[in-house]
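Biologist: I have a fresh model open and little time. Can you walk me through it?

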Amino acid sequence: MYATLAFTITLLGVFSIFEILKGNQKLSLLKYYVLARLIIVTLGSGLDYLSFNGYELLYYKEVLKILALLLTVNLFFLIVQKRIPKLVAWIEVFFILFFIVELIFGIENPIVKEGVLQNKPILFHQFFYGLYAFLGSIALFYNSYYLFYVRKSNANLYELKIKKWVGFYILSNIILFVINMIFYISLKNGTLGAYDNTMITVFIHRFLFIFFILIRPRFLDDDKYARPFDQILAKNSGLSFQNFEFLFYSNHYYLRQDANTEDLALKLNVTKNELSNFIKNEIEENFTELLSKNRVEYLMELLRAKKHESFTIEALSEMSGFNNRRSMYNAFNKYVGQTPTEFIQSLK
């Protein structure tokens, strides 16, 4: 049974990787982390399948488990905060060095097999796994607090979708944590039933991650959230893409009716010419087109959410940053090829 599950998750992982790469779409830093995490899931499941059939690679479980943790921690911070805090990065560096020392002394993951605890960790190993749990908890609970309390006043549809998406994965992990605690207590008390192998929770966790990626908000695939990898690594003088993305997209500057290059340049601490050149060279659009395109996309999200049943088209137009009805209709027709009314009818 376990070999079949491992093979199934391997196939799901391969499918998910191709789904991310399809259409030669641009890849953001976030997507590189997603791909790396999917590769770990796929590789781990594939090696588990070989292990169940008598071909096992030494220490592969330990190495992949650590990589999976670090990628998941960083992925949470990138999704929720658009950055990886320096403190977290330094803790991860220490954790990697700690793991190398542990590996030299022959650490093996404690597992339960047929109801029996194997590879019981010594005190030094217990401290290591305590740090492992601490890192995972940072990603889970701190980002939960940041997402649902620090930014709870943000009612933008994009933010609400991110909260719903990440909330599903957080809740799933909490449920899985509770199951594992019940599993551990049952083992200690000798009341363990059919649920007698840690591979079960491993498979559940892998499946949840693949499902989490497959149900991601589709707007994360848009070009405005992506940059070629060589540009991510390149150092920019003046305005950085990260600062522009944070202000223009993450903080939805384009929804302001008074948005203009002078004001945006001032907020980014660059000159108007530097901003104009950046938009032209990096995003390959002019400022007016960039505003209109993003406002139309936001208005489409409002219409898909059936906000027109509670608000007039004019009110939704203002929420989307348009100054008047005519400019909204012109932009909507340009980028969608329909009027808002026709778009609403097409949704039925």
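Modeller: Start with one term. A helix here is a DSSP run of H or I with at least four residues, and helices are numbered from the N terminus. Keep in mind that this is a predicted model.

Biologist: Good. Where is Tyr-59, then?

Modeller: Tyr-59 sits in the loop between H2 and helix H3 (60-81). Its phi is near 65 degrees, a positive value in a residue other than glycine.

Biologist: What sign does phi have in most residues other than glycine?

Modeller: Negative, for most of them.

Biologist: And is Tyr-59 buried, exposed or partly exposed?

Modeller: Tyr-59 is partly exposed, because its relative accessible area is 26%, and that class runs between 20% and 50%.

Biologist: What about the phi of His-252?

Modeller: His-252 is not a glycine either, yet its phi is positive, about 55 degrees. It belongs to the loop between helix H9 (241-250) and helix H10 (261-268). With a relative accessible area of 7%, His-252 is buried.

Biologist: New topic. How many residues does H1 have?

Modeller: H1 has 20 residues. From first C-alpha to last it reaches 29 Å, close to the 28 Å expected at 1.5 Å a residue.

Biologist: Which parts do the buried residues of H1 pack against?

Modeller: They pack against helix H2 (29-52) and helix H7 (199-214). The buried residues of H1 include Ala-6, Gly-13, Ser-16 and Ile-20.

Biologist: Pick Ser-16. Why does it count as buried?

Modeller: Because its relative accessible area is 0%. Leaving aside neighbours within four places in sequence, Ser-16 is in contact with Leu-38, Ile-210 and Leu-214.

Biologist: Now the surface. Which helix gives the most to the nonpolar patch?

Modeller: Helix H4 (residues 86-104) does, with seven residues. The patch has about 1000 Å² of accessible area together. Among its members are Trp-90, Phe-105 and Phe-124. Val-101 is another member. It lies in helix H4 and counts as partly exposed, at 35% relative accessibility.

Biologist: Charges next. How many salt bridges are there?

Modeller: The count comes to eight salt bridges. As background, side chains of opposite charge can pair when their charged atoms come close.

Biologist: Show me one within a helix. How far apart in sequence are Glu-301 and Arg-304?

Modeller: Three residues, about one turn of helix H12 (residues 287-304). Their side chains meet in a salt bridge at 3.3 Å, N to O. In general, an α-helix has 3.6 residues a turn, so residues three or four places apart point the same way. Glu-301 is buried at 12% relative accessibility, whereas Arg-304 is partly exposed at 42%.

Biologist: And what does Arg-325 pair with?

Modeller: Arg-325 forms a salt bridge with Glu-314, at 1.6 Å from N to O. Arg-325 is in helix H14 (residues 325-336) and Glu-314 in helix H13 (residues 313-319), so the pair ties together parts that are 11 residues apart in sequence. Arg-325 is partly exposed at 41%, and Glu-314 is partly exposed at 35%.

Biologist: Which residues do shared salt-bridge partners join into one network?

Modeller: Arg-256, Asp-258, Asp-263 and Lys-267. Within it, Arg-256 bridges to Asp-263, with the closest N and O atoms 3.7 Å apart. Arg-256 is partly exposed at 30%, while Asp-263 is buried at 16%.

How values were computed:
Residues are numbered from 1 along each chain as its sequence is written. This is a predicted model: local features need pLDDT of at least 70, side-chain atom pairs count only at pLDDT 80 or more; totals for chains, interfaces and linings use all residues. Side-chain values use heavy atoms; hydrogens and water are left out. Buried means under 20% relative accessible area, exposed over 50%, partly exposed in between (1.4 Å probe, protein chains only). Contact means heavy atoms within 4.5 Å. Helices (H or I, at least four residues) and strands (E, at least two) are DSSP runs, numbered from the N terminus. The expected span of a helix is 1.5 Å times one less than its number of residues. Patches are made of residues with over 30% relative accessible area and no salt bridge: like charges are joined within 9 Å, nonpolar side chains (Val, Leu, Ile, Met, Phe, Trp, Tyr) within 5 Å. Accessible areas come from the Shrake-Rupley method with a 1.4 Å probe; for residues, only the protein chains shown count as cover. A salt bridge is a side-chain nitrogen of Lys or Arg within 4 Å of a carboxyl oxygen of Asp or Glu.
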